[in-house]
Amino acid sequence: MRLYALSILCCFVSIGLFAVTALDFSSYRLGKNNRYLFEAIVKDLSLEFGREVTTAYGKGLQAIADRIVIEESQMDDFLKQTTDPKEREALARFIIAHEYFHVALKHTHTDEWGKSPPEIEIRGTFKEARKQMEKQVDYLAAKYLQTLKLPTTPVQTMFLEHPEFHGGEYYPTAEERVEVVVSAIEKGIDRAVFDHKAIKCTFLLGLLSTKLP
Ligand SMILES: [Zn+2]
């Protein structure tokens, strides 16, 4: 407990109000084990936003219940769009933060058969709510990058250049996702993103938002 308190203090002293590990993505190697970088990002998010998550490595980049699953080959696929270490860091932090916020906002505890925790109000169809959930976590992950002074342009490029971001029944289109990322750069939190006609989760947002610009 004491060590934990000290480590937080240390971060506060060194970087101000935000707990963040200095990461050097020039050491990222395509096709190799980069888990120490991913684990540091997950740890930073857990420390900052207070929601503990576990990490697993397997198929698909996704959040299941309270766990973030990282598919390393898919991460490579996204990060190889640039060799710039800061841009790679921005992409990795965005992708992991996206999944982290799915857990923190309890999106992972909803389903299309009507399951939903008491803190979340599903107002539209599940498909509509699901699309908005994606926008909510993209929005928060972009804000997170902004707080760390990392660029969001690589994220916009990733959405536009990867065919898996083409949209569909449950997902916003790549263009809509870019729009959300751009809008997140504005000051403050736009509550309309979280108090939306398809889903409301402002209570859970409130537990996180004091840490975001
Ligand atoms: Zn998602």
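Which residues touch the most other members of the largest nonpolar core?

## The nonpolar core

In this predicted model, the largest nonpolar core holds 50 residues, and of these Leu-91, Ala-92, Tyr-100 and Ala-141 touch the most other members. At least two residues of this core come from each of α2 (35–49), β3 (67–70), α3 (72–79), α4 (85–104), α5, α6 (153–161), α7 and α8 (202–206), and α4 gives the most, with 11 residues.

When residues up to four places away in sequence are not counted, Tyr-100 touches Leu-45, Val-53 and Ile-68.

## Packing of α5 against α7

The axes of helix α5 (residues 126–147) and helix α7 (residues 174–183) come within 8 Å and cross at roughly 40°. Angles from 35 to 65 degrees fall in the oblique class, and α5 and α7 are therefore oblique to each other; the crossing of α5 and α7 is right-handed.

On the α5 side the contact involves Lys-135, Asp-138, Tyr-139 and Ala-142, which meet Arg-177, Val-180 and Val-181 in α7. By class, the residues of this contact between α5 and α7 comprise 4 nonpolar, no polar and 3 charged.

## Packing of α6 against α7

For α6 and α7, the axes come within 8 Å and cross at roughly 170°, which makes α6 roughly antiparallel to α7.

Here Val-155, Gln-156, Phe-159 and Leu-160 in α6 meet Ala-174, Arg-177, Val-178 and Val-181 in α7, and the residues of the contact of α6 with α7 divide into 6 nonpolar, 1 polar and 1 charged. Arg-177 and Val-181 of α7 thus appear in the contact with α5 and also in the contact with α6.

Conventions. Residues are numbered from 1 along each chain as its sequence is written. This is a predicted model: local features need pLDDT of at least 70, side-chain atom pairs count only at pLDDT 80 or more; totals for chains, interfaces and linings use all residues. Axes are lines fitted to C-alpha atoms, for helices over the stretch in contact, and angles run from 0 to 180 degrees between N-to-C directions. Helices (H or I, at least four residues) and strands (E, at least two) are DSSP runs, numbered from the N terminus. Angles under 35 degrees count as roughly parallel, over 145 as roughly antiparallel, 65 to 115 as roughly perpendicular and the rest as oblique. A crossing is left-handed if the near helix is turned anticlockwise from the far one by less than a right angle, and right-handed if clockwise. Two residues are in contact if their C-beta atoms, placed from the backbone, lie within 7 Å. Ala, Val, Leu, Ile, Met, Phe, Trp, Tyr, Cys and Pro count as nonpolar, Asp, Glu, Lys and Arg as charged, and the others, Gly among them, as polar. A nonpolar core is a set of buried Ala, Val, Leu, Ile, Met, Phe, Trp, Tyr and Cys residues joined through C-beta atoms within 7 Å. A residue is buried if 20 or more other C-beta atoms lie within 10 Å of its own, exposed if 12 or fewer, and partly exposed in between; C-beta atoms are placed from the backbone.
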